[in-house]
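This report looks at one chain, from its overall dimensions down to its charged pairs. Keep the structure in view while reading.

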Amino acid sequence: MSPAHEGAARVTVVVATRNRREELLAHLHHHEGPVVVVDNASEDGTAEAVRAARPDVQVVALPRNAGAVARTVGVRAARTPYVAFADDDSWWAPGALARAAAVLDAHPRVGLIAGSIAVGPQERPDPLNAVLAASPLGIPAGCPGPALLGFVGCGAIVRRSAFLAVGGFDDVVRFPGEEERVALDLFDAGWRLAYVPEVRAHHHPSPRRESGDRRQAELVRSRLLTALMRRPWRAVAREAAGALRAGRRGRRGLASALPRVPAALRARRRVSPTTEAALARLHGQDETAPRTADPEESS
């Protein structure tokens with residue numbers, strides 16, 4: 001086995017999917033190393049089709065749509081020290097998993113690598129790449145690249161033990177925007193999150209995605225719920241005020257958050273002052289400043 005294949009064999013690719021059977025089957029062959037597909041109660045025969053076409057792939061069929069928690073289920077099923085997330089419309093470039101394994105081996109305090117993302121058949125750099133590269137947190141000692149407090153699911157590789165120690169993705173936020181709470185908890189636990197552009201993912205956005213308006217409303221909901229779970233009350237108030245100022249999409253997001261507020265409050269545990277200080281640096285000491293664009297909107 002070549003060194004590249006040996007490295008990839010230490011990284012399980014976890015793919016969460018729902019009702020995108022043909023796209024998933026078209027992209028599965030790109031994945032190096034072991035693969036776990038977690039099917040979120042698809043109604044199009046996804047689980048059966050993957051089992052028939054790829055008996056080497058482990059399939060976990062969930063009885064209900066668990067949202068982003070499906071990724072956590074996949075991480076628990078993995079038996080490798082590192083796990084790369086992929087969507088049914090994304091995959092990792094050849095050699096990316098081996099590079100990630102080498103970086104994580106060399107940097108034992110790094111809990112998550114955010115790779116660069118190439119979008120569509122034209123391989124356009126995702127605008128988020130430049131945002132991550134210019135992180136105001138700089139490159140601290142023991143970090144292989146710019147330090148982060150956020151990531152995109154389909155562009156991230158995690159240290160399995162670190163991810164599970166902070167609980168993985170939760171069923172309060174679900175999807176989208178589920179990454180923020182995990183990033184906060186990893187950082188708060190002392191793990192480094194780093195941007196390593198040499199670790200590259202490909203993303204060919206599915207034509208079967210939800211509308212931009214709906215997604216933006218859901219992101220408002222996720223930010224508010226995450227703030228309720230981890231941030232001081234002043235940050236929660238800022239998120240709520242920002243939602244009200246955001247017009248119809250913001251109000252929809254705020255309304256859709258309300259049924260999940262009790263669960264968010266039960267999970268509430270404020271992050272440390274160190275993490276809050278890093279957030280202040282990230283937002284230029286002004287947390288009322290506009291947030292970076294949703295990478296899905298640039299796709």
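What radius of gyration would a compact globule with 299 residues have, and what does the chain have? The globule value is near 19 Å, and the chain has 18 Å, which agrees. Note that this is a predicted model. Its C-alpha trace spans about 55 × 45 × 40 Å along the principal axes. The chain comprises 13 helices and nine strands. Buried residues account for 54% of the 299. Of the contacts between residues at least 6 apart in sequence, 76% join residues at least 24 apart.

Charges come next. The chain carries 41 positive and 33 negative charges, and their mean positions lie 6 Å apart. The structure holds 18 salt bridges. Three of them are listed here.

| Salt bridge | Closest N to O |
|---|---|
| Glu43 – Arg18 | 4.0 Å |
| Arg71 – Asp87 | 3.0 Å |
| Asp185 – Arg269 | 3.2 Å |

Asp185 sits in helix H8 (residues 179–188) and Arg269 in the loop between helices H12 (261–266) and H13 (273–282), so this pair ties together parts 84 residues apart in sequence. Asp185 is buried at 4% relative accessibility, while Arg269 is partly exposed at 39%. Salt bridges with shared partners join Asp170, Arg181, Asp185, Asp188, Arg230 and Arg269 into one network.

Arg71 and Asp87 form a salt bridge. Arg71 belongs to helix H4 (residues 69–77) and Asp87 to strand S4 (residues 82–87), so the pair ties together parts 16 residues apart in sequence. Arg71 counts as buried at 5% relative accessibility. Asp87 also counts as buried, at 15%.

Conventions: Residues numbered from 1 in each chain as written. Predicted model: local features only at pLDDT ≥ 70, side-chain atom pairs only at ≥ 80, totals over all residues. Heavy atoms only, no water. Helix = DSSP H or I, 4+ residues; strand = E, 2+ residues; numbered from the N terminus. Rg over C-alpha atoms; globule rule 2.2 N^0.38 Å. Buried < 20%, exposed > 50% of the residue type's maximum accessible area, 1.4 Å probe, protein only. Contact = heavy atoms within 4.5 Å. Lys, Arg positive; Asp, Glu negative; His and termini not counted. Charge placed at Lys NZ, Arg CZ, Asp CG, Glu CD. Salt bridge = Lys/Arg side-chain N within 4 Å of Asp/Glu carboxyl O.
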